[in-house]
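Subject: Structure handover and findings

Hello,

Here is the structure for you to load. My notes on what I found follow below it.

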Amino acid sequence: MPQRRTAIVALLALAGWANLAAAQPPSEPVPPNALALWTISETFDRAVLSFQGPGQNSLADATTCKIFVRESAEKPWREVLHKQPGPDGKPSALPLPAGEPFLDEDTITCPSPMTMLRVDRPVTLPAGVVLPAKVAMTHWTEATVKPLSGPAVFVGKLKVPFTPQRDAGKEIASRVCSPSVVTMMLQYFGKDLSIAAVAQQAYDQTNDIYGNWSRAAWVLSSNGVPAHVQHLTSTAEIDASLAAGHPIAVSIRYGKGELPGAMVSGTDGHLVLIIGQTPAGDFIMNDAASWEHGAGAVYPRQPFLKAMANASNIAYVIEP
């Protein structure tokens, strides 16, 4: 198995820290207002955070946090900028200052390679919201992302319920591919939630989207299926998830005609749920874009892996 590029920090009574996976012990004292701090052994220019519990009243995403990145211990911390809400409560369309790190909906985007990332608690928590029990960070360098490689080891198909996007209602059906895969994952583990209920929990009011990756992982975790966002580095990670009996949701992006047999001819961003692999290595999935043909759809391996790479090889991974 390749090294997982997801670091998880468990908060221990606000003062102690458990550094797991790829996280290195901080090279300096953790500031008292910090939720998490990572020193990474390799550089990155993209990162996504995941938040876990306790319960559905916990912090769900990074939109209210103060986030800082650092090129090295010798360099100053640089604050990750957020788009600020306009008069209508939605984020301003005004561009952020050029050359500064910023939060692109759910993705921390940096103009230069970084090795450190810090998340501070919000200055003011929204009413009724509590701090998370765990924070996870996955990271990568965008210019080096390429299609995953490796043979298909797992052959078979998990019996995962199918929920089409149209079940969310006509008004939002075209916008809820992420809530649809989350709904199927929850129902697979016996959680009785409708796609409408999941969409309501997943909705990111700051950015007016249903597809915030961080919130998707939070919805899974807060409903009893611990999960995090992960940048995949090998098809072995897909095999491991399926072999453990876990479907795995992945983001894809492709142009018209680039993914043969796809339910959508082309897309700037879509979420599908991998539920198995054929003996030939093609992927079996639930693609909620089509209520007629999306259940158990088979997509050819290499074009599908390319479509994943176009979306940074991002997945919602259920934890063991």
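Which residues point one way from strand β13, and which the other way? Phe283 and Met285 take one side. Ile284 and Asn286 take the other. All four of these residues, 283–286, are buried. Please keep in mind that this is a predicted model.

**Overall**

The protein chain has 320 residues, and 52% of them are buried. It holds five helices and 15 strands. Take the contacts with a separation of 6 or more: 67% of them join residues 24 or more positions apart.

**Around β13**

Strand β12 covers residues 267–277. It runs antiparallel to β13, and four bridges join the two. Leu273 sits opposite Asn286 of β13. The two strands form a hairpin, with five residues between them. Gly281 is in that turn, and its phi is positive, about 95°.

β13 also pairs with β14, which spans residues 297–299. That pairing is antiparallel too, over three bridges. Here Phe283 has Tyr299 as its bridge partner.

**Cores**

In soluble globular proteins, nonpolar side chains tend to be buried together. In this model the largest nonpolar core has 55 residues. Val250, Phe304 and Tyr316 have the most contacts inside it. Leaving out residues up to four places away in sequence, Val250 touches Leu232, His270, Leu271, Val272, Ile274, Phe304, Met308, Ile314 and Ala315. There is a second, separate core of 23 residues. Among its members are Leu49, Phe51, Ala62 and Ile67.

**Helix α5 and what follows**

Phe304 also appears among the buried residues of α5. The others are Arg301, Leu305, Ala307, Met308 and Ala309. What covers them? The cover includes α4 (235–243), β11, β12, β13 and β14.

Most residues other than glycine have a negative phi, and most peptide bonds are trans. Check the stretch after α5 with that in mind. Ser312, just after the helix, has a positive phi of about 70°. Asn313 has a positive phi as well, near 55°. Asn313 belongs to the loop between α5 (301–310) and β15 (314–318). Is Asn313 buried or exposed? Its relative accessibility is 1%, so it counts as buried, the cut-off being under 20%.

**The largest pocket**

This may be the part you want to open next. The largest pocket holds about 660 Å³ of space. Its lining has 27 residues, and the closest to the pocket centre are Glu105, Trp213, Arg253, Asp268 and Gly269. Four elements each give two or more residues to the lining: β7 (107–120), α1 (177–188), β11 (248–254) and β12. Which element gives the largest share? That is β12, with five residues. By type, the lining divides into seven nonpolar, twelve polar and eight charged residues.

Glu105 deserves a separate note. It lies in the loop between β6 (102–104) and β7. Its phi is positive, about 60°, although it is not a glycine. Glu105 has a relative accessible area of 34%, so it is classed as partly exposed, the range for that being between 20% and 50%.

**Ser214 and Asp204**

Two more buried residues to look at. Ser214 is in helix α3, residues 213–222. Its relative accessible area is 2%, which means that it counts as buried. Setting aside residues up to four places away in sequence, Ser214 touches Val48, Leu49, Ala60, Asp61, Asp106 and Val229. Leu49 is also listed in the second core.

Asp204 is in the loop between α2 (195–202) and α3. It is buried, with a relative accessible area of 1%. Where does Arg215 stand relative to Asp204? The two are eleven residues apart in sequence, and their C-alpha atoms are 7.5 Å apart in space. They are also in contact. Beyond its neighbours within four places in sequence, Asp204 further contacts Asp61, Thr63, Ile209 and Asn212. Asp61 is on the contact list of Ser214 too.

Over to you.

Best wishes

Note on methods:
Residues numbered from 1 in each chain as written. Predicted model: local features only at pLDDT ≥ 70, side-chain atom pairs only at ≥ 80, totals over all residues. Heavy atoms only, no water. Core = buried A, V, L, I, M, F, W, Y, C linked by side-chain atoms within 4.5 Å. Buried < 20%, exposed > 50% of the residue type's maximum accessible area, 1.4 Å probe, protein only. Contact = heavy atoms within 4.5 Å. Pairing = 2+ DSSP bridges. 1 Å grid on protein atoms, 1.4 Å probe; cavity = no way out; pocket = protein on both sides within 12 Å on 5 of 7 lines; lining within 4 Å. Points joined across faces, edges and corners; volume = space filled by probe spheres on them. Nonpolar A, V, L, I, M, F, W, Y, C, P; charged D, E, K, R; others polar.
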